[in-house]
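Colleague: Mind walking me through this one? I'd like to go over the strands, the salt bridges and the surface charge.

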Amino acid sequence: MAKANLIPAERIEKAILLIRGQKVMLDRDLAKLYGVTTFNLNKAVKRNRGRFPEDFMFPLTKEEADGLRFQIGISKPAARGGRGYLPYAFSEQGVAMLSSVLRSARAIEVNIAIMRAFVRLREVLATHKDLARKLEELERKFGEHDAKFHLVFEAIRQLMTPPPEPEKRRPIGFARA
């Protein structure tokens, strides 16, 4: 029987990123979860390249990788001892395909935990949209009658709005020539 708490759900959910409008996980995060090196994970994927079309897995652009490097602290640039290639991003379908490539009991358990995290994330997003729709209905119903209701609805709407994306900053330090 699979272990119930192999990996905390919060750890998986924090590793799910939104890149190019898709919810994805990076190869390095998946490798940590599966208990393999990033090199070995990518090697297994390359041996089975036919199982990973572009909508299952794609390399990040240099700009995307640089943005992530400063936002979440991914590997150093290759010139400073980091990885010499761009990270790969795996969609939910790509993560599901990984369990067939990485044939181990841990891979199956981790994959189940990741799939549950993706489902939970979809449920949260659906609930958020449903809540916004219900709020609009209530505002139409009560907002016309009293200005105080309008203030309450506006405050709730502000709480539901996600924080703005941080501005891209120039890296600190000197550039190598």
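Modeller: Ground rule first: two strands pair if DSSP finds at least two bridges between them. Helices (H or I, at least four residues) and strands (E, at least two) are DSSP runs, numbered from the N terminus. This is a predicted model, where local features need pLDDT of at least 70 and side-chain atom pairs count only at pLDDT 80 or more, while totals for chains, interfaces and linings use all residues. Residues are numbered from 1 along each chain as its sequence is written, and side-chain values use heavy atoms, with hydrogens and water left out.

Colleague: In which sense do β3 and β4 pair?

Modeller: Strand β3 covers residues 57-59, and three bridges join it to β4. One contact to look at is P59, whose bridge partner in β4 is Y88. The sense of the β3 and β4 pairing is antiparallel.

Colleague: And which residue in β4 is the bridge partner of L26?

Modeller: Strand β2 (residues 22-26) also pairs with β4 in the antiparallel sense, over three bridges. For L26, the partner in β4 is A89.

Colleague: Are the residues on the two faces of β4 buried or exposed?

Modeller: Buried means under 20% relative accessible area, exposed over 50%, and partly exposed in between (1.4 Å probe, protein chains only). Strand β4 spans residues 88-91, with Y88 and F90 on one side and A89 and S91 on the other. Both faces are covered, and those four residues are all buried.

Colleague: How many salt bridges are there?

Modeller: The rule wants a side-chain nitrogen of Lys or Arg within 4 Å of a carboxyl oxygen of Asp or Glu. Among the hits is R28 with D29, at 3.6 Å from N to O. By that rule, the count is three.

Colleague: How far apart along the chain are E13 and R120?

Modeller: Their side chains meet in a salt bridge, 2.6 Å from N to O. E13 sits in helix α1 (residues 9-15) and R120 in helix α6 (residues 105-142), so the pair links distant parts of the chain, and E13 is partly exposed at 29% relative accessibility. The separation is 107 residues.

Colleague: Which parts does the R20 and E64 pair tie together, and how many residues apart are they?

Modeller: R20 and E64 form a salt bridge, with the closest N and O atoms 2.9 Å apart. R20 lies in the loop between β1 (17-19) and β2, and E64 in helix α4 (residues 62-72), so the pair ties together parts whose separation in sequence is 44 residues.
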